[in-house]
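Here are my notes on the model you passed along. Have the structure open while you go through them.

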Amino acid sequence: MIDKAQEIQDFMAGGKTRFHIEDPMAAKKFGYDLFTRLERYGALSGQPLVLLCIGTDRSTGDCLGPLVGTRLASSNQDLFAVYGTLDQPVHASNLQEKLEEIYRVHQNPLVIAVDASLGSMDSVGFVTIGDGALHPGAGVNKRLPPVGEIHITGIVNVGGFMEYLVLQNTRLNLVMRMAEVIAQGVLHTIALCSKRETREI
């Protein structure tokens with residue numbers, strides 16, 4: 001059970017907050033959390049916002065990022081530039097190249113990194129948002145560059161033993177539900193940003 005007082009304290013301090021996909025309000029809570037972080041960063045005044053969705057469609061456990069990217073790339077939103085979809089995934093082999101492209105195309109972007117994660121049994125099904133860089137590949141002992149000013153992770157399975165095999169044998173249903181919560185959460189963030197702009201006019 002999450003300590004609510006600690007959760008609020010961590011959030012106000014710019015720490016991590018997490019939401020379980022079984023929570024019917026998860027997407028809205030997620031959207032408000034991300035919106036508040038963007039405001040805290042001062043990133044809603046024209047700074048390019050990049051959603052970097054990391055993963056591959058060759059592994060059910062590792063396709064969370066591309067599923068989120070695909071869902072948002074087809075949503076007609078224009079707040080976030082989206083990198084990493086099922087059609088054009090961003091993974092270990094091309095991450096550095098994509099990062100160079102992002103910083104070449106966008107001037108001083110704020111990057112939000114999305115990736116699947118492994119964790120403890122009681123953490124599976126939680127989506128976590130935190131300030132600071134994501135360390136992709138850490139769960140499977142890959143050394144990749146840290147990514148982003150904000151990170152979003154979905155805990156898709158249990159870590160600690162034979163991580164590659166665990167990712168390969170993760171239930172696609174769980175990953176798809178988690179991707180939908182994240183995508184709906186980001187769309188809620190976009191709606192909140194639109195309301196903010198309307199109030200400022």
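A quick term before the points: a contact here means heavy atoms within 4.5 Å. Keep in mind too that this is a predicted model.

1. Overall layout. I'd start with the order of elements, which runs α-β-α-β-α-β-α-β-β-β-α-α along the sequence. That makes 6 helices and 6 strands in the chain. Of its 201 residues, 49% count as buried. The accessible surface is about 10,400 Å², and carbon and sulfur atoms account for 53% of that.

2. Contact range. Take the contacts between residues at least 6 apart in sequence: 71% of these join residues at least 24 apart.

3. Helix H4, the buried side. Which residues of H4 are buried? In this helix, residues 95–105, they are Leu95, Lys98, Leu99 and Ile102. Looking down the axis of H4, you'll find the buried residues within an arc of 100°, so they line one face of the helix. The general rule behind such a pattern is that an α-helix has 3.6 residues a turn, so residues three or four places apart point the same way.

4. Helix H4, cover and far side. The cover over the buried residues of H4 includes three strands: E2 (49–53), E3 (80–83) and E4 (110–119). Turn to the face pointing away from the buried side and you meet Glu97 and Arg104, both exposed.

5. The loop leading into H4. Asparagine 94 sits in the loop between E3 and H4. Is asparagine 94 buried or exposed? It counts as buried, because its relative accessibility is 13%, under the 20% cut-off. Its side chain has two backbone partners worth a look. One is the backbone nitrogen of histidine 91, reached at 2.7 Å. The other is the backbone oxygen of proline 89, which lies 3.1 Å from a polar atom of the asparagine 94 side chain.

6. Helix H2. The length checks out: 15 residues (26–40) at 1.5 Å a residue should span 21 Å, and the end C-alpha atoms of H2 are indeed 21 Å apart. The buried residues of H2 are Ala26, Phe30, Gly31, Asp33, Leu34, Phe35, Thr36, Arg37 and Leu38. Just past the end of H2, glycine 42 adopts a positive phi of about 65°.

7. The aromatic pair. How many aromatic pairs does a search of the whole structure find? The search gives 1. The partners are phenylalanine 19 and phenylalanine 30, arranged edge-to-face, with 6.4 Å centre to centre and 65° between the planes. Phenylalanine 19 belongs to strand E1 (residues 17–20) and phenylalanine 30 to helix H2, so to speak a link between distant parts of the chain, 11 residues apart. Both phenylalanine 19 and phenylalanine 30 are buried.

8. Positive phi outside glycine. Two asparagines deserve a glance on the Ramachandran side. Asparagine 76, in the loop between helix H3 (64–73) and E3, has a positive phi near 65° without being a glycine. Asparagine 76 counts as exposed, because its relative accessibility is 76%. Asparagine 108, in the loop between H4 and E4, is not a glycine either, yet its phi is positive at about 50°. Asparagine 108 is exposed as well, with a relative accessible area of 56%.

Technical notes:
Residues are numbered from 1 along each chain as its sequence is written. This is a predicted model: local features need pLDDT of at least 70, side-chain atom pairs count only at pLDDT 80 or more; totals for chains, interfaces and linings use all residues. Side-chain values use heavy atoms; hydrogens and water are left out. Buried means under 20% relative accessible area, exposed over 50%, partly exposed in between (1.4 Å probe, protein chains only). Helices (H or I, at least four residues) and strands (E, at least two) are DSSP runs, numbered from the N terminus. The arc is that of the directions from the helix axis to the C-beta atoms. Accessible areas come from the Shrake-Rupley method with a 1.4 Å probe; for residues, only the protein chains shown count as cover. The expected span of a helix is 1.5 Å times one less than its number of residues. A polar contact is a pair of N or O atoms within 3.5 Å; within protein, one must be able to donate a hydrogen and the other to accept it, and residues adjacent in sequence count only if both atoms are side-chain atoms. Rings of Phe, Tyr and Trp (its six-membered ring) pair if their centres lie within 6.5 Å; planes under 30 degrees apart count as stacked, over 60 as edge-to-face and the rest as tilted.
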